[in-house]
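Reader: I'd like to walk through this one feature by feature. Could you give me the general idea each time, then the case at hand?

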Amino acid sequence: MKLLHTADWHLGKTLKGQSLIDDQEYILKQILDIAKDVDAVLIAGDIYDRGIPPADAVNLFDETLNRLAEKKLPTLIIAGNHDSATRLNFGSKIFANQNIFIVSKVTDQPAQIVLEDDFGEVYFSLIPYFAPIEIQTKFFGEDSERLTFNDANKFYIDLARKKIPDNKRSVAIAHVFLTGGIESDSERKFVGGAANVDSKVFNEYSYVALGHLHSPQKISVENIRYSGSPLKYSFDEANHKKSVTIIDLDDSGAVEIEKIPLIPRRDLIVVEGKFNELANREPTQDYAQIILTDDAYIYDTENLRDAFPNFLEIKRKSHLVSYDDATTDRTFCKEDSISEQFDKFFTEITSEPLTEEERMAFEEVLREIEREGRE
Ligand SMILES: [Mn+2]
């Protein structure tokens, strides 16, 4: 059986105010194209970027589900920590008639779907994101001992395992943070105690399709994996290679893994350099974070739009001195005149002393302020 594993679509996400909906539509088309060659699609949570997604995000998800239903592709979906469990649950019983299975809530018996190929059944456990308190109140009562994420997941996954007959092939779909995983800036941390879950809780599954971490990675073993997000969602992901994971599950339950790269409409890049050099670069449509290394403060940064029409952020390296760095060697003293204090401050921030011209300009401004104060 061939499976396509994806996660963390974050539909409706904006980055520094820029809507990514066109980029998301573009990348979902690629995923649908790759899905032509598989037997089922697994989406491991964070369908939406937030609990109440914008209308265009709901439209895009609706369109995508329609395409999957047209292909008669069994599609197994769980909620992530960014999704509203109740809203994502909308219509799920009706969608099940079209082989679209959405599981967003913890239930007395963990949700299970059984698909078949020529070698027999494959059992899928659908484990939506939950906070440990949900397991605690549902199964142990409100006054019971507080559970960690690890306790709660171990309990619920053991329950899911009990429903799978011995020696059958099995796949878990979950949205958790497994110990050893590599994080990025665009994942929202789980609230409610140490989020770490030991990958051993999934030990008996033939494959574990995970969501939450945005970089594609395996955890300890080949068959426990995060597919990663289909797009780069923060600048610290600029060097990620985004992909979907294809799993070929053989008759014995062994898996062969292939990562199929996804090519974005616009890449997310970080560029660093001096203003004049960057402003004259070959234009790129990519979303850019620009780090200026000029010592002088550049005001006309909009001129960078010729080379980077879609830049999202500008940072200034010479001004990236952190407060701690700037104060370790503090030499200001109260006896200094304002000019002397400014001179020291300027030197600390830019690593260059004031030129005579700059000193005169500063003193002229000071005199003006004093004049205004007297008027
Ligand atoms: Mn996510």
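Author: Sure, let's begin with angles. Axes are lines fitted to C-alpha atoms, for helices over the stretch in contact, and angles run from 0 to 180 degrees between N-to-C directions. Now the case here, in what is a predicted model: helix 6 (residues 149-162) lies across strand 7, strand 8 (120-127) and strand 9 (169-175). Its direction is at about 155° to strand 8.

Reader: How far does the confidence go, and where does pLDDT stay under 50?

Author: The mean pLDDT of the protein is 91, with 94% of residues at 70 or more. The stretch under 50 is residues 322-329, and there the model has 2 contacts beyond four places in sequence.

Reader: Back to those strands, then. What is the strand order in the sheet that holds strand 7?

Author: Read a sheet from one edge to the other. This one is open, has 6 strands and goes 7-8-9-12-14-13, with mixed pairing. Strand 7 (111-117) and strand 13 (217-219) are the edge strands, each pairing on one side only. From one strand to the next, the twist averages 30°.

Reader: And how do strand 13 and strand 14 pair?

Author: They are antiparallel, with 3 bridges, and strand 14 covers residues 221-226. For a landmark, find glutamine 217: its bridge partner in strand 14 is tyrosine 226.

Reader: Which strands make up the other open sheet, the one with strand 1 in it?

Author: The order is 6-5-4-1-15-16, again 6 strands with mixed pairing. Strand 6 (100-103) and strand 16 have a single partner strand each, so one side of each is left without a neighbour in the sheet. Here the twist averages 20° from one strand to the next.

Reader: What joins strand 15 to its partners?

Author: Take one partner at a time. Strand 1 (residues 2-6) runs antiparallel to strand 15, joined by 4 bridges, and histidine 5 stands opposite threonine 245. On the strand 16 side, 7 bridges join strand 15 (residues 243-249) to residues 255-261, also antiparallel. Valine 244 stands opposite isoleucine 260 there. Strands 15 and 16 form a hairpin with 5 residues between them, and glycine 253 in the turn has a positive phi of about 95°.

Reader: Last one: how is the protein divided into domains?

Author: Look at the bounds, then at the contact. Domain 1 is 2-261 and domain 2 is 268-374, with C-alpha centres 45 Å apart. The contact takes 7 residues from each domain. On the domain 1 side, these are 3 nonpolar, 1 polar and 3 charged residues.

How values were computed
Residues are numbered from 1 along each chain as its sequence is written. This is a predicted model: local features need pLDDT of at least 70, side-chain atom pairs count only at pLDDT 80 or more; totals for chains, interfaces and linings use all residues. pLDDT is the predictor's confidence in each residue, from 0 to 100. Two strands pair if DSSP finds at least two bridges between them. Helices (H or I, at least four residues) and strands (E, at least two) are DSSP runs, numbered from the N terminus. Domain bounds come from an automatic or database domain assignment. Ala, Val, Leu, Ile, Met, Phe, Trp, Tyr, Cys and Pro count as nonpolar, Asp, Glu, Lys and Arg as charged, and the others, Gly among them, as polar.
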